[in-house]
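Colleague: Could you take me through a single helix of this model in some detail, with its setting in the protein and the cut-offs behind each term?

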Amino acid sequence: MEKPFKHDLSFTQNRELSWLAFNRRVLDEAFDPEVPSMEKLKFVSIFVSNLDEFFMVRVGSLFDLSLLKNDALDNKTGWNYAEQLDEIYKRMPELYQLKDSAYEYVEELLRAQGIANLTYEELTKEEKKYVDAHFDSRILPVISPLIVDSHHPFPHLPNNRPLVVANLKNDEGESFMGIVTKAASVNNVLFLPGEQLRYILVEEILLAKLPKIFSYKVSDSAIVSVTRNADLDMGEVMDDVEEDFRKHMKKALKKRARLEPVRLEVKGKLSKKSLEFLMDQLGLGESQVYHSATPLKMSYVYVVADKLPANLEAANSFPKYTPYYPSQFNPRKSMIDQVTEKDRLLFFPFESMDPFLALLKEASNDPYVISIKITIYRLSSISKVAEYLANAAENGKEVTAVMELRARFDEDNNINWSERLEQAGCTLIYGFEDYKIHSKICLITRHMEGKIQYISQFGTGNYNEKTAKLYTDLSLMTANQELGLDAQNFFRNMMIGNLEGEYKHLLVAPNGLKPALLNMIDEQIQLAKEGKDAMIRMKCNSVTERDVINKLSEASIAGVKIFLNVRGICCLVPGIEGKTENIRVTSIVGRYLEHPRIYIFGQGEEAKMYISSADLMTRNIVRRVEIACPIYDPEIRREVESIMDVILNDDKKATLLLSDGSYVKVSETGERSSQEIFMNMARELNQGSNVERKEAPSKAAFRHAPSKQIAETSEEEMLDRALSKLSFWDKLKRLFFS
């Protein structure tokens, strides 16, 4: 007898399809008339790279698990693995057509300004001469063409790299396949001489030069790319089923070799026979083959963007924006003293990461600092954070870095940095076998006058100077000693492998975060049942955790008003009568990648407020080490609430999740883009802060100002002076909501 499915599926949707909807929202930016043309092309490129990773990770893992006879079911839809794959495959043709339309539209806009990605046939006579000479001197000598026949077996095709295939015929009329891969030493883009920015991709040159490469007759040819399973951890797929993960993993590993193909992309015309041959060799079915009119890999876009002359860059790119050094800090004063004076909050990329870097640099040289402890998930390839940690260790301080070597696609970079830090004398801990350490926490310990002082930093994003200019994130620096004690306890537990630690203030996954979130939702449910105002506001990247979704539905039924801003996956479907009708879900895709996690339960001074590294996903709050840090400082609480209010009131870049799982723009005529507001406010409040600043006059100077000076001050100047006493986000709230 079939076991009844225990979950209510009426207000949930599959995470894979929700992710595809998110990636479509990324592609929609290419059609936004207010997005400059080169930025539109970047959004097409981001869509392509996102889809690459989706197939390598999500589809790859689902494919592995579908090989099992076990019918484990997704707890949002009741589908098994094979059914989930079928639903993904069904949606691919439409997405590929939309991508091709976006590319064609953007390419037309760029060509009108002399920026053109060309095929060989489109080149002028002079350009062909230039390309031919480049091919003969730079490309032909370093390529290694292959043929596939009875004497030459089908080769291993590299993952996610464009290559050229052709059906060849010799003089005897025998047919066989030829394969050409671009050499790694050859640049992807060849820029053509002339005043306009015209260029050709190397795979297009190879396609045109196949007869010369092989000296055979070419009957059909195409550029292709094979996507292989690149995931080394299927745990995230197993999050959505309630089965024994280890047992499934062992079975799946026995069923196949790693890096099996999961997708074939084709740009060009291949005969049915050639295509079937490729499919057979790669073990792919028709549903896994996708035809594209767009370049298959589009990282070249950033190379082209860097080549734009000033006039074209201004016309086709976002206006340059440099994160401002926050006016709340004095760069000439001790950062340790400024953080000790009061809690400080940084908001990237509108404000610079420099104050935190200055804090770390100062700590590395401060004679009173005895230790620095930090968790590291992703570092940039050139990292001041790592440099200052190494410097601290070389200065004799105890430096401990809890480093996650399994940060997907950043493994090599992290391994390289781990070696450098160890050489400098840092102690490195590599986390747990079954739990990735994804928390963002840094603890500086000082010993002064016989007393221990803690300075802590808690963030929503990585210690990565590059992404701090591209992702929106929050970073709290505090000398709150109780938070510091919790931080010290956290690192002690990490060093002895203890996941069962208890904390007074911090919510720490895998054991403490989920129960606390459910309890805080319960508190709002109780308020609603008592007839009191009850509200939950959350901002995160994804919502997939089934118990949290169920509890939010319970809160909605009780009358709690729930506002979610979810950038990507949202398995909770709002607006379902009697289930989620009090829940509103929006998503923002814009110039910067939305990344903060903010959780606010209740309103006013009684509200419980946290910033966190954790999304509302099983992988985060059950299978990772994550931290949610409470916000206690009244001014920073107002700042965070203002940030949340602006985000929830975005009516220009935000889309609204409907009860059928689709998204629509919040408003067709909206004028409030949260990211634009944050940029404008940072610019207004920190003008001059990116250049050398004079020391501010002392408060005493203002106290003893002549009365005549006050009398001559205009009303506008008085308003400016009054506003100058408000924090960044006080002003923001006043200006935005007035």
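Modeller: Of the 738 residues of the protein, 58% count as buried, that is, under 20% relative accessible area with a 1.4 Å probe and protein chains only. The model is predicted, with local features needing pLDDT of at least 70 and side-chain atom pairs pLDDT 80 or more, while totals for chains, interfaces and linings use all residues. Residues are numbered from 1 along each chain as its sequence is written, and side-chain values use heavy atoms, leaving out hydrogens and water.

The protein has 25 helices and 27 strands, taken as DSSP runs (H or I, at least four residues, for helices; E, at least two, for strands) numbered from the N terminus. The part to look at is helix 3, residues 81–111, whose 31 residues reach 44 Å from first C-alpha to last, close to the 45 Å expected at 1.5 Å a residue, the expected span being 1.5 Å times one less than the number of residues.

At the N-terminal end of helix 3, Asn80 acts as a cap, with a side-chain oxygen 3.1 Å from the backbone nitrogen of Ala82. Further along, helix 3 has a kink of about 30° at Met92, shortly before the proline Pro93, where the bend is the angle between axes fitted to the seven residues ending there and the seven starting there.

Helix 1 (residues 15–28) packs against helix 3 at an angle of about 5°, with the axes 10 Å apart. Helix 1 is therefore roughly parallel to helix 3, a term for angles under 35 degrees. The contact (heavy atoms within 4.5 Å) involves Glu16, Leu17, Leu20, Arg24 and Leu27 of helix 1, and residues of helix 3 including Met92, the site of the kink.

Definitions and conventions: A polar contact is a pair of N or O atoms within 3.5 Å; within protein, one must be able to donate a hydrogen and the other to accept it, and residues adjacent in sequence count only if both atoms are side-chain atoms. Axes are lines fitted to C-alpha atoms, for helices over the stretch in contact, and angles run from 0 to 180 degrees between N-to-C directions. Angles under 35 degrees count as roughly parallel, over 145 as roughly antiparallel, 65 to 115 as roughly perpendicular and the rest as oblique. Buried means under 20% relative accessible area, exposed over 50%, partly exposed in between (1.4 Å probe, protein chains only).
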